[in-house]
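Trainee: Could you take me through the helix packing and the core of this model, step by step?

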Amino acid sequence: MGVPSKFFIDLERGELCALDRFLERSGSFLNAAVLQTSSPLLSSALQSMQQNVRHAVKQLEQDALMNEVSVAMQLLQEQADAAAQAFRKLTVSELDLMLEDEEVSNDASLALWKILDVIGPVEVRL
């Protein structure tokens, strides 16, 4: 196992709430639909991210004027790689299906792009 890396992601209120909803629903969906296999590294990465996101959501709930929050996350390199691989394979239509709301799906997509920008270079395929 590698050394944990701590990083910060700046998210707006809508992105944070959408990411929370995504992480709540994503574990079984990503393993079944995207990876076709169960990944302990991905599961542990999602759980770690969800704990940090829930903490940030509580911060936002306490301060109604706060519109953006910096979410501290800590993942092992192997966890970050597993999450980046799964997030890259996720399609917009899969996000829409999982989250059942186009606006939430858009916000979650933005949050995932911000995370990918930090944990693994975003690959754009044309």
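**Helix packing and core**

Mentor: Helices α2 and α3 are roughly perpendicular to each other, a term for angles of 65 to 115 degrees. This is a predicted model, where local features need pLDDT of at least 70 and side-chain atom pairs 80 or more, while totals for chains, interfaces and linings use all residues. Residues are numbered from 1 along each chain as its sequence is written, and side-chain values use heavy atoms, leaving out hydrogens and water.

Trainee: At what angle do α2 and α3 pack, and how far apart are their axes?

Mentor: Two packed helices are described by the angle between their axes and the distance between the axes. With axes taken as lines fitted to C-alpha atoms over the stretch in contact, and angles running from 0 to 180 degrees between N-to-C directions, α2 and α3 (residues 77–89) have axes 8 Å apart and pack at about 95°.

Trainee: Which residues of α3 does α2 meet?

Mentor: Contact means heavy atoms within 4.5 Å. From α2, the residues Leu-41, Leu-42, Ser-44, Ala-45, Leu-46 and Met-49 take part, and they meet Glu-78, Gln-79, Ala-82, Ala-83, Ala-86 and Phe-87.

Trainee: Which element supplies the largest share of the largest nonpolar core?

Mentor: Such a core joins buried (under 20% relative accessible area, 1.4 Å probe, protein chains only) Ala, Val, Leu, Ile, Met, Phe, Trp, Tyr and Cys residues through side-chain atoms within 4.5 Å. Among its 37 residues, Leu-16, Leu-19, Phe-22, Met-49 and Phe-87 touch the most other members. The largest share, 8 residues, comes from α2.

How values were computed. Helix = DSSP H or I, 4+ residues; strand = E, 2+ residues; numbered from the N terminus. Parallel < 35°, antiparallel > 145°, perpendicular 65-115°, else oblique. Buried < 20%, exposed > 50% of the residue type's maximum accessible area, 1.4 Å probe, protein only.
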